[in-house]
Amino acid sequence: MKLEHQQLSDIEIESGLDFILSHLEEPLFPRKISTFKSNNKQFLVRSRKEIIDSCIDSNFVDCRINAYPYLTEYKDVPRYKPNFLFIDLDKNNFKSEGKFEYALYNTLKKIKDKLNAKPTILFTGGGYHIYLPVDIPTALENITEFEDFDRPSEQFLRYVKDYLSNNKADKNNNPSFKSCLLRIPGSINSKYNTKVTIVQEWNGVRSPLTIELLEEFRTWLIQKKIDQEKQRQKILVERSENKFIGSSNYYSWVEHLIQTPIPDYRKLTIDLVLAPYFINIRKLSFEESYTIIKNWLDKCNELQILDNYRNFEYRINYALKNAMNKGIGPMSKEKIKTDPAYSKLYHVLKNKGALD
């Protein structure tokens, strides 16, 4: 009886593996898989037989195969086309069975509307896995419109799983070319002690990625870049403010500097120290900041006249606008002291008593 069960499992796992392999483009091998026996760590296989033997050796538990072949990267740039999309709907993320099933319905509807595709659906015990092979001629890194973005092909995998699922896909599952692991029908999911079953089979047609979808993805990348830069600037400003608030002496040297005329390196001082300080630390208005810096420049000009002194009005305006746009604080006195690029500025400030 045990032998009959073993034979049935062998047949089932072979059938399940062939079904999954039918979704994948050549070259099928080498490719990585993982099993319960490997502690879910991926290892390289070079044939269908090696996969089957590994599944049998693991008693058919947690048998998974990577959707993408094993390829080395060239100069840290992946060579993968994002031609297999993976969406994970985790049942635990929904308050009811009805909402869980409705999320599947809406996801399939959007896939149909946007790509005119029929994906494979597996039930894994804990939810639905949606496997969608698509057609794209090359990696997004090779397309001019995406060359300014970091790893757009891999970002696309993560974007599209949220986009097509209306943000209902499991947030803990972030597909990548190295971790896009597909469960083999007929194998056992150890977490739920449940056999993985096929709910719906794909129609064997690789739907092409539409220009509309790629344009929407590019818009998302642009907005993401903008949001990241805003967040970076916000953090820099908060750090500068915290330093100012946390230590009353932290910027005392700048207050001393504004009372100290210097004979040289005035443009650099305005750009790197005074404009960021008054705009982003003191939070003065543009007009107030301009007046203070202009008065300081007048004192500097009395110390040593500059032939192009009138041009400094433009320089003050430029420095203040730059400080407002970037939102960064002034360069620290430690950097001026230690960075060789500012050694001459440091000696000027030190000689005039503006820095110790």
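Start with the aromatic rings: select every Phe, Tyr and Trp, and you will be looking at 16 aromatic pairs. Two rings (for Trp, the six-membered one) pair if their centres lie within 6.5 Å, with planes under 30 degrees apart called stacked, over 60 edge-to-face and the rest tilted.

Before going further, note that this is a predicted model, in which local features need pLDDT of at least 70 and side-chain atom pairs count only at pLDDT 80 or more, while totals for chains, interfaces and linings use all residues. Residues are numbered from 1 along each chain as its sequence is written, and side-chain values use heavy atoms, without hydrogens or water.

Now select Tyr-159 and Trp-220. Their ring centres are 5.1 Å apart and the planes meet at 45°, so this pair is tilted. Tyr-159 sits in helix 4 (residues 152–164) and Trp-220 in helix 5 (residues 211–246), 61 residues apart. Helices here are DSSP runs of H or I with at least four residues, strands are runs of E with at least two, and both are numbered from the N terminus. Tyr-159 is buried at 9% relative accessible area, whereas Trp-220 is partly exposed at 32%; buried means under 20%, exposed over 50% and partly exposed in between, using a 1.4 Å probe and protein chains only.

Add Phe-217, which stacks with Trp-220 at 6.0 Å centre to centre and 20° between the planes. Both lie in helix 5, three residues apart, about one turn of the helix. Phe-217 is buried, with 0% relative accessible area. Extend the selection to Phe-146, Phe-156 and Tyr-163, and you have one aromatic cluster together with Tyr-159, Phe-217 and Trp-220.

Next, move to the open sheet of four strands, ordered 2-1-3-7 with antiparallel pairing. Strand 2 (43–45) and strand 7 (181–183) are at the edges with a single partner strand each, so one side of each has no neighbour in the sheet. Strands count as paired when DSSP finds at least two bridges between them. Strand 3 (residues 64–66) and strand 7 run antiparallel, joined by three bridges; pick Asn-66 and you will find Leu-181 as its bridge partner.

Last stop: strand 4 (residues 84–90), where seven of seven residues are buried. Colour Phe-84, Phe-86, Asp-88 and Asp-90 on one side, then Leu-85, Ile-87 and Leu-89 on the other, to see both covered faces. Bring in strand 6 (residues 127–135), which pairs with strand 4 in the antiparallel sense over seven bridges. To finish, select Phe-84 and look opposite, to Pro-133 in strand 6.
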